[in-house]
Amino acid sequence: MSKVVLKNVTKIYDKKKVINNIDLTINDKEFVVLVGASGCGKSTVLRMIAGLEEITEGEIYIGDKRVNDIPPKDRDIAFVFQSYALYPHMTVRENIAFGLKMRKVDKATIEKKVQEAAEILDLGEYLDRKPKQLSGGQRQRVALGRAIVRNPKVFLMDEPLSNLDAKLRVQMRSEIKKLHEKLQTTFIYVTHDQTEALTMGDRIVVLDKGVIQQADKPEVIYSEPANTFVAGFIGSPQMNFINAKVVSGGLNFDNVFLPYDNDFSGKKEVIIGIRPEKMVCGGEIRLDVNVDMVELLGSEKVVYFTIDGQKCSAKLPAEKELQNVLKLSIEKSDIYIFDADTGVRIF
């Protein structure tokens, strides 16, 4: 079993809580992605699991073993760093084998494991090359190979694709996902890239200021965000947020009336959220907006405009002809309602 459990884990730096009392269970063989903006604490969580950072409060378990006081080398984990951390004077073969040599594994076993990793990662023809002779994607595969040969209980990956160009990132996303399916091991992956999170994870954990905002399947995170932070962070372009007044029988914004029978518990104002791709769908709610800017993205275009002083966008087909005034229509079922004070989704 390679389940990872964090119980009431807190990390304090210089009297500031960077991780605030989080609870998280990562199941055996699960691929979990920790995502959030820079400084949210996701890499700190990963480093605490690895033992590279001491926890201030709480407990961490890998399998059935409490690992708070166990050094990194004895936790049976493999860490893949953003910088690859390869030894430039060693060949690919020597880099992959290095950890095994440090553990005094016999030569025959090392050679067998190196060959197996090279086959899985398509590195066979590069084994005698130095890192400087490899592309970024090949170096990343070498870093993965060094982790694979150890046959760890848990793979920890800290933004491993951030140094690659866009095309290579797409390719490596697919390769890492295939690797997970082949190895059937627990993967914990950190990224600030929501596309990586949505395409790779069995489950996504969204963090903000050291607190877990939501942890669920990618499709649930996208379609049922817990609050405005999750709704705004996941999705591109981000969800449109518009302040709306609670009036008799519903909501009102920008001279548009939205009928609602729901009880708003005496609130005078709420925030409504609408995904840009849902802004033009022949729905019952209609509004006209003045176009501020247009971005062409191949088969789509993103149109930017302002509603009631708030910047918004709509994602449209590239062939859609535009005038200065854009006529939008929205289905009521595509609108999210959030509490104006807390940001929590109401319904």
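**Strand β3 and the antiparallel sheet**

V35 of strand β3 has T191 of β8 as its bridge partner. Strands here are DSSP runs of E with at least two residues, helices are runs of H or I with at least four, and both are numbered from the N terminus. The model is predicted: local features need pLDDT of at least 70, side-chain atom pairs count only at pLDDT 80 or more, and totals for chains, interfaces and linings use all residues. Residues are numbered from 1 along each chain as its sequence is written, and side-chain values use heavy atoms, with hydrogens and water left out.

Strands β3 and β8 (residues 186-191) are parallel and share five bridges. Two strands count as paired if DSSP finds at least two bridges between them. β3 also runs parallel to β9 (residues 203-208), through four bridges. There, I204 of β9 lies opposite V33.

Five of the five residues of β3 (residues 31-35) are buried, so the strand is largely enclosed by the rest of the structure. Buried means under 20% relative accessible area, exposed over 50%, and partly exposed in between (1.4 Å probe, protein chains only). F31, V33 and V35 cover one face; V32 and L34 cover the other.

A second group of strands forms an open sheet, ordered β2-β1-β4-β5, with antiparallel pairing. Its edge strands, β2 (16-26) and β5 (65-66), each pair on one side only. β1 (residues 4-13) and β2 are joined by seven bridges. L6 faces L24 of β2. Helix α1 (residues 42-50) packs on this sheet and touches β1, β2 and β4 (57-62). Contact means heavy atoms within 4.5 Å. The direction of α1 makes about 115° with that of β1. Axes are lines fitted to C-alpha atoms, for helices over the stretch in contact, and angles run from 0 to 180 degrees between N-to-C directions.
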